[in-house]
Amino acid sequence: AEMSYFRLNLLSYLRDAHPDKANDLSFIAGRGDMAAESYSEAIKNGLSHIQAAEIANDVLFKGLLFSPYNIIVEILWNEFFDEISPGDAHAKAKELLPECQAVFAKYNLNDDYAETTEYQVLYTELVGTILILFENEL
């Protein structure tokens, strides 16, 4: 089946930043349709295409800008480069993501979370959790 521009845009982003959500077609359809409707309404209200696209993107990506998956990839690149090659980091992050959910659940993650002072605490806790997971694999 054909997918709209907004649905395809969201699917592409989810594959890169939230691979655990990339197969949720009802979420993608619902969010894509809301973004398309927001775009259409903005155009009807006289906004430019650029302004309408910004509004639609706000709807499309709300709650998805912070990526637990990407922070795990970043940690693997920065802290475990001797254990995991950069080329294998994405696959390993997909494996580690479910194991790290308990850590993420302790924090109030939102779109701006990476700019908060608490981000470094999360980062450090994840490094420790990943280290324990690696040690248990041996």
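Among contacts in the protein (heavy atoms within 4.5 Å) between residues at least 6 apart in sequence, 63% join residues at least 24 apart. The structure is a predicted model, in which local features need pLDDT of at least 70, side-chain atom pairs count only at pLDDT 80 or more, and totals for chains, interfaces and linings use all residues. Residues are numbered from 1 along each chain as its sequence is written, and side-chain values use heavy atoms, with hydrogens and water left out.

The protein contains seven helices and zero strands, where helices (H or I, at least four residues) and strands (E, at least two) are DSSP runs numbered from the N terminus. Along the sequence the pattern reads α-α-α-α-α-α-α. The C-alpha trace spans about 60 × 35 × 25 Å along its principal axes. Of the 138 residues, 36% are buried; buried means under 20% relative accessible area, exposed over 50%, and partly exposed in between (1.4 Å probe, protein chains only).

Helix packing can be taken up first with helix H1 (residues 5-17) and helix H2 (residues 25-44), whose axes come within 8 Å and cross at roughly 130°. Here axes are lines fitted to C-alpha atoms, for helices over the stretch in contact, and angles run from 0 to 180 degrees between N-to-C directions. H1 and H2 are therefore oblique to each other, on a scale where angles under 35 degrees count as roughly parallel, over 145 as roughly antiparallel, 65 to 115 as roughly perpendicular and the rest as oblique. Their crossing is right-handed; the term applies if the near helix is turned clockwise from the far one by less than a right angle, and left-handed applies if anticlockwise. On the H1 side, the contact is made by Phe-6, Arg-7, Leu-10, Leu-11 and Leu-14. H2 contributes Phe-27, Ile-28, Ala-29, Arg-31, Gly-32, Asp-33, Ala-35, Ala-36 and Tyr-39. By class, this contact has ten nonpolar, one polar and three charged residues (Ala, Val, Leu, Ile, Met, Phe, Trp, Tyr, Cys and Pro count as nonpolar, Asp, Glu, Lys and Arg as charged, and the others, Gly among them, as polar).

Helix H2 also holds Ser-38, which is buried, with a relative accessible area of 19%. Leaving aside residues up to four places away in sequence, Ser-38 touches Ile-55, Ala-56 and Val-59.

Helix H4 (residues 68-79) takes part in two of the packings described here, with H7 and with H5. With helix H7 (residues 119-137), H4 packs at an angle of about 70°, the axes lying 10 Å apart. H4 and H7 are therefore roughly perpendicular to each other, and H4 passes H7 in a right-handed crossing. Ile-71, Ile-72, Glu-74, Ile-75, Leu-76, Asn-78 and Glu-79 of H4 meet Tyr-119, Leu-122, Tyr-123, Leu-126, Val-127, Ile-130 and Phe-134 of H7. This contact has eleven nonpolar, one polar and two charged residues.

With H5, H4 packs at about 125°, with the axes 9 Å apart, and the two helices are therefore oblique to each other. Their crossing is right-handed. Pro-68, Tyr-69, Ile-72, Val-73, Leu-76 and Trp-77 of H4 make this contact with Ala-89, His-90, Lys-92, Ala-93, Lys-94, Leu-96 and Leu-97 of H5. The classes here are ten nonpolar, one polar and two charged residues. In the loop between H4 and helix H5 (89-99) lies Pro-86, which is exposed, with a relative accessible area of 56%. Pro-86 and Leu-122 are 36 residues apart in sequence and 22 Å apart in space, C-alpha to C-alpha.

Turning to the aromatic rings, a search of the whole structure finds nine aromatic pairs. Rings of Phe, Tyr and Trp (its six-membered ring) pair if their centres lie within 6.5 Å, and planes under 30 degrees apart count as stacked, over 60 as edge-to-face and the rest as tilted. Tyr-5 and Phe-6 have ring centres 5.1 Å apart and planes at 75°, so the pair is edge-to-face. Tyr-5 is exposed, at 57% relative accessible area, whereas Phe-6 is buried, at 10%. Tyr-107 and Tyr-113 form another edge-to-face pair, 6.4 Å centre to centre with 70° between the planes. Tyr-107 counts as buried at 13% relative accessibility, and Tyr-113 counts as buried at 2%. Ring pairs link Phe-66, Tyr-107, Tyr-113, Tyr-119 and Tyr-123 into a cluster.
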